[in-house]
Amino acid sequence: MPSSATPPVITTDKLTKRFGHFVAASELTFQVAKGEIFGFLGANGAGKTTAMRMLCGLLKPSSGKATIAGFDVYTQTEKIKRRIGYMSQKFSLYDNLTVSENIRFYGGIYGMNTAAIRTKTAELLEELQLEKEAKTLVSDLPLGWKQKLAFSVSIVHNPDIVFLDEPTGGVDPVTRRQFWDLIYHAADRGVTIFVTTHYMDEAEYCNRVSIMVDGVIAALDSPTRLKQQFGLDNMEDVFYELARNAKRKAD
Amino acid sequence: MRQLITFIRKEFLHVFRDRKTLLMLFGLPIAQIVLFGFALSNEIKNSRIAITDYSKDAVTEQLISKIASSNYFDIQRTVQSATQLEAAFKKGDIRMAIIFPADFANDLVHTGKATIQVIADASDPNLATTITNYITRLVGDFNTQTALTAGRPLQILPEMQFLYNPELRGAPNFVPGVMALVLMLVCTMMTSVAIVKEKELGTMEILLVSPFKPIYIIISKLTPNLLISVVNLFIILMLSAVFLDLHVKGSILLLTFDSILFILTSLSIGLLLSINAKTQQAAMMGSMMGMMLPTMLLTGFLFPIENMPLPLQVLSNLVPSRWYFIIVKKVMLKGLGITAVWKETLILTGMCLFLFTISLRRFKIRL
């Protein structure tokens with residue numbers, strides 16, 4: 001569990017994004033500690049992606065404050081970019097490059113030197129047990145492996161925080177379990193995990209979960225306490241309880 | 001800098017891994033030049049013609065032997081009378097007939113002027129214009145030669161139904177046209193597809209989240225395409241020298257410089273297309289439909305621009321390949337220098353800068 005002694009890695013204070021009159025994300029206020037696995041839940045169109053994009057520096061907030069790894073999202077986006085990793089729901093490796101070429105490429109665009117990339121590649125292949133596949137084209141790998149590789153590649157440059165946008169879409173339960181083992185492993189090393197998901201069993205894996213409804217954070221606590229609070233047995237029911245009153249249509 | 005090299009390396013890997021595209025990239029210019037080269041030499045060389053000589057004197061003999069010695073024509077001497085001629089034309093045995101009238105020698109000696117009649121089979125108008133043009137040139141040569149030896153001006157005038165437009169036909173026009181077309185297509189298509197592919201894959205998001213600068217993305221995407229296009233350029237030049245006996249008369253340096261300018265312009269168009277296209281297919285269609293037709297029609301190598309309606313003439317000024325085509329013709333065929341093409345070069349530079357700036361500004365830094 002994250003210790004409360006270290007300052008939070010993500011801090012937001014009334015962070016808001018408006019598109020014209022439409023308020024996509026309204027007054028988001030939360031903190032995420034170092035090494036925490038923070039689940040970011042919400043129905044489609046609830047404002048998850050908007051919030052995540054603001055935190056990654058892809059979208060400028062309309063108002064409110066936020067710091068990522070101690071850097072301001074308005075003025076220090078370039079510094080933030082060096083400290084974060086990102087994995088999108090779309091599979092984000094290059095199909096016609098080999099496993100090691102992909103690692104080398106992503107390490108390279110973060111400015112890692114050849115020696116560092118070489119050590120990291122060996123380390124990473126060992127962890128994934130992919131040593132034999134180093135020279136295999138990514139297109140020839142099974143989907144589960146690709147997904148695990150994509151995660152490892154997203155933290156190849158040792159970021160403080162990694163943002164995972166629905167990383168396990170379309171993956172079987174066994175692989176999903178293995179994927180979460182990787183996430184735990186990274187969190188143990190102090191990487192903060194910010195993850196969006198639609199799978200409620202995955203929500204149970206998180207240290208804390210926030211549930212967004214209609215652009216606002218409707219609930220934020222550990223899965224256990226959320227279940228207590230609503231007097232329900234599982235996260236599925238908690239989520240449904242909150243999300244069914246949503247006024248916005250899914251996009 | 002290391003980041004940039006990593007990215008460019010990746011782009012080259014993409015290109016070399018994709019055999020089909022690679023084949024198309026280099027196959028396209030080769031196929032065009034070789035096909036046209038063979039079509040050209042088979043058709044125009046050794047065209048069958050008939051010569052009817054009613055004058056039968058020394059001058060006609062000289063002229064006939066000059067025509068015979070060129071390898072453009074294959075003279076069928078069996079055809080003599082007017083009815084035979086007509087039959088031969090109808091059967092397609094001959095493509096052209098040259099008739100020396102009975103008073104040819106007489107006229108030439110007394111007035112210094114004589115006419116020969118040239119009849120060509122115009123069912124294939126392109127061929128007809130081409131071979132009659134050969135005759136005009138041969139006779140013109142002959143005129144200057146005999147004028148030198150005879151010491152007085154002699155004028156043999158070939159009379160023809162077809163007026164040849166030297167700006168319209170033949171390999172010399174075709175090669176610059178192919179150059180403009182191939183470079184334009186390859187550059188716009190490759191660039192637009194390369195960038196849209198990253199969007200489709202979802203990798204563009206990752207790149208934008210990374211500290212990698214968007215301008216670097218553009219540079220890395222353009223570098224392999226620029227290099228491939230320059231290689232393509234030299235392949236075309238080599239092929240046209242080998243197969244079509246068409247050499248660069250002017251400065252290769254100037255030609256390369258202007259070609260790179262044109263390539264950069266086309267790459268910028270590709271960039272612009274990719275920014276607006278959502279899928280690779282859309283980008284491909286955009287570059288095919290949007291670029292191929294205007295390039296083919298408004299460049300001036302298939303249809304002379306002077307003959308077009310005014311609105312199209314005005315429009316053609318906006319097509320970069322039009323200016324490039326003029327430059328290539330002047331430098332490659334006529335051997336002219338920068339003084340002859342500075343205006344076109346300036347126009348291309350302007351277009352290049354304009355398009356590049358726009359696409360750079362519209363390339364979204366934030367999604």
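**Notebook: ring pairs, charge pairs and the contact between chains A and B**

**Entry 1. Aromatic rings**

I looked up two phenylalanines of chain B first and noted that B:F7 and B:F212 are both buried. I keep in mind throughout that this is a predicted model.

I then asked how many aromatic pairs there are over all chains. The count comes to 20. In the pair of B:F7 and B:F212, the ring centres lie 4.8 Å apart and the planes meet at 20°, so I entered the pair as stacked. The cut-off that decides this is an angle under 30 degrees. I also looked up where the two residues sit: B:F7 is in helix α1 (residues 2-17) of chain B and B:F212 is in the loop between α8 (203-209) and α9 of chain B, so the pair joins parts that are 205 residues apart in sequence.

Next I took B:F100 and B:F104, whose rings form an edge-to-face pair with 5.3 Å from centre to centre and 80° between the planes. I recorded both B:F100 and B:F104 as buried.

Which residues do ring pairs link into a cluster with B:F7 and B:F212? I listed A:Y94, A:F105, A:Y106 and B:Y216 as the other members, and I noted that the cluster holds residues of chain A and of chain B.

**Entry 2. Charges over rings**

One member of that cluster, B:Y216, came up again in my search for charges over rings. The charged end of B:K213 sits over the ring of B:Y216, at 5.6 Å from the ring centre. I found a further case in B:R322, which lies over the face of B:W323, 5.1 Å from the centre of the ring.

**Entry 3. Salt bridges within chain A**

Side chains of opposite charge can pair when their charged atoms come close. I noted 17 salt bridges over all chains and followed several of them.

A:D160 and A:R83 form a salt bridge in which the closest N and O atoms are 3.1 Å apart. This pair links distant parts of the chain, since A:D160 is in the loop between α5 (143-154) and β7 (161-165) of chain A, while A:R83 is in helix α2 (residues 77-83) of chain A, 77 residues apart. Are these two residues buried or exposed? I entered A:D160 as partly exposed because its relative accessibility is 28%, and A:R83 as partly exposed because its value is 27%.

The side chains of A:R176 and A:D201 meet in a salt bridge of 2.6 Å, N to O. I placed A:R176 in helix α6 (residues 173-188) of chain A and A:D201 in helix α7 (residues 200-205) of chain A, 25 residues apart. Here the two partners differ in burial: A:R176 has a relative accessible area of 10% and is therefore buried, whereas A:D201, at 36%, is partly exposed.

**Entry 4. Salt bridges within chain B**

I turned to B:E198, which forms a salt bridge with B:K221, with 2.9 Å between the closest N and O atoms. B:E198 lies in helix α7 (residues 171-201) of chain B and B:K221 in helix α9 (residues 214-243) of chain B, so the bridge ties together parts 23 residues apart in sequence. I recorded B:E198 as buried at 2% relative accessibility, and B:K221 as buried with a relative accessible area of 2%. The two belong to a network of salt bridges that also includes B:K10 and B:E11.

**Entry 5. Where the chains meet**

How many residues of chain B are in contact with chain A? I noted 25 residues of chain B, in contact with 33 residues of chain A. The area buried between the chains is about 2,800 Å², and carbon and sulfur atoms give 58% of it. I counted two salt bridges between chain B and chain A. A:E101 forms a salt bridge with B:R17, the closest N and O atoms being 2.9 Å apart.

**Entry 6. Domains and backbone**

For chain B, the domain assignment gives domain 1 (47-163) and domain 2 (171-362). I noted that their C-alpha centres lie 44 Å apart.

In chain A, I looked up residues other than glycine with a positive phi. A:K14 has a phi of about 50°; this residue is in strand β1 (residues 10-19) of chain A and is partly exposed, because its relative accessibility is 48%. A:N158 has a phi near 50°, and its place is in the loop between α5 and β7 of chain A. I had already placed A:D160 in this loop.

Terms used. Residues numbered from 1 in each chain as written. Chains lettered and ligands numbered in written order. Predicted model: local features only at pLDDT ≥ 70, side-chain atom pairs only at ≥ 80, totals over all residues. Heavy atoms only, no water. Salt bridge = Lys/Arg side-chain N within 4 Å of Asp/Glu carboxyl O. Helix = DSSP H or I, 4+ residues; strand = E, 2+ residues; numbered from the N terminus. Buried < 20%, exposed > 50% of the residue type's maximum accessible area, 1.4 Å probe, protein only. Phe/Tyr/Trp six-rings, centres within 6.5 Å; stacked < 30°, edge-to-face > 60°. Lys NZ or Arg CZ within 6 Å of the ring centre and 35° of its normal. Domains from an automatic or database assignment. Contact = heavy atoms within 4.5 Å. Buried area = accessible area lost by both parts, 1.4 Å probe.
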